[in-house]
Structure formats: C-alpha cells, structure tokens
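Work through these exercises with the model open beside you. Try each task before reading its solution.

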Amino acid sequence: MQPNPGLPVRRLTQQDLLHLACPVCHASLQLEGSAILCTGCSRRYPVVDGLPVLLSGSAH
Ligand SMILES: [Zn+2]
C-alpha cells in the first residue's frame with residue numbers, strides 16, 4: 001500500500017497531548033520517544049499511526 005502523497009503523515013506532538021489526560025488518574029501526559037507517559041501514575045500508552053491509544057484496561 002502506498003501512502004497518499006497529498007496527506008502529510010500525522011505526527012503526534014506535545015501540543016496534541018495538552019487536550020488529553022490519563023484515563024486512569026486524569027493527570028497530564030507527555031511524549032516519551034514513540035510512546036506517551038502519564039505524569040501522574042507513570043503508565044505508558046502506545047502511539048499507533050500517530051494516534052494515542054489511551055486504554056486503561058490492559059494491565060501487565
Ligand atoms: Zn495516569
């Protein structure tokens with residue numbers, strides 16, 4: 001599959017995270033590498049295709 005050249009690849013920025021909060025503790029989030037780190041409970045959330053996946057369900 002070839003990506004559409006007319007569409008820029010969406011990259012998550014710290015700016016995007018200003019509108020988001022941790023679903024578990026509602027603290028603010030920060031980018032850490034290619035993942036998202038909660039500043040409250042230190043949970044890590046993956047970023048899939050430029051979109052944050054904030055799921056509290058899967059406990060490891
Ligand atoms: Zn949290």
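## Getting oriented

The protein has one helix and four strands. Helices here are DSSP runs of H or I with at least four residues, strands are runs of E with at least two, and both are numbered from the N terminus. This is a predicted model, in which local features need pLDDT of at least 70, side-chain atom pairs count only at pLDDT 80 or more, and totals for chains, interfaces and linings use all residues. Residues are numbered from 1 along each chain as its sequence is written.

## Exercise 1: Order and confidence

Task: State the order of the elements, then find which has the lowest mean pLDDT and which the highest.

Solution.
- Step 1. Start at the N terminus. The elements run α-β-β-β-β.
- Step 2. Check the confidence. pLDDT is the predictor's confidence in each residue, from 0 to 100. The protein has a mean of 85, and 80% of its residues reach 70 or more.
- Step 3. Compare elements. S4 has the lowest mean pLDDT, 88, and S2 the highest, 95.

## Exercise 2: Build the sheet

Task: Lay out the strands in sheet order and explain why S1 and S4 stand at the edges.

Solution.
- Step 1. Write the order. The four strands form an open, antiparallel sheet, S1-S2-S3-S4. Strands pair if DSSP finds at least two bridges between them.
- Step 2. Find the edges. S1 (29-32) and S4 (51-52) each have a single partner strand, so one side of each lacks a neighbour in the sheet.
- Step 3. Pair S1 with S2. Four bridges join these antiparallel strands. Gln30 has Leu37 in S2 as its bridge partner.
- Step 4. Pair S2 (residues 35-38) with S3 (residues 44-48). They are antiparallel, with three bridges. Ala35 faces Pro46 in S3, and Ile36 stands opposite Tyr45.
- Step 5. Inspect the turns. The S1-S2 hairpin has two residues between its strands, and Gly33 in the turn has a positive phi of about 65°. The S2-S3 hairpin has five residues between the strands, and Ser42 takes a positive phi near 65°.

## Exercise 3: Find the core

Task: Which S2 side chains point to the buried face, and which residues make up the largest nonpolar core?

Solution.
- Step 1. Set the scale. A residue is buried if 20 or more other C-beta atoms lie within 10 Å of its own, exposed if 12 or fewer, and partly exposed in between, with C-beta atoms placed from the backbone. Of the 60 residues, 8% count as buried.
- Step 2. Walk along S2. Ile36 and Cys38 point to one face and are buried; Ala35 and Leu37 point to the other and are not.
- Step 3. Collect the core. A nonpolar core is a set of buried Ala, Val, Leu, Ile, Met, Phe, Trp, Tyr and Cys residues joined through C-beta atoms within 7 Å. The largest has five: Cys22, Leu29, Ile36, Cys38 and Tyr45.
- Step 4. List contacts of Ile36. Contact means that C-beta atoms, placed from the backbone, lie within 7 Å. Beyond four places in sequence, the partners of Ile36 include Leu17, Leu31, Val47 and Pro52.

## Exercise 4: Loops and tail

Task: Are His26 and Asp49 buried or exposed, and where is Leu54 placed?

Solution.
- Step 1. Take His26, in the loop between helix H1 (14-17) and S1. His26 is exposed, because 10 other C-beta atoms lie within 10 Å. Its phi is positive, about 65°, although His26 is not a glycine.
- Step 2. Take Asp49, in the loop between S3 and S4. Asp49 is exposed, with 8 other C-beta atoms within 10 Å. Its phi is positive too, near 55°.
- Step 3. Take Leu54, in the segment after S4. Leu54 has 16 C-beta neighbours inside 10 Å, so it counts as partly exposed. Not counting residues up to four places away, Leu54 touches Leu20, Pro23 and Tyr45.

Methods
Contact = placed C-beta atoms within 7 Å.
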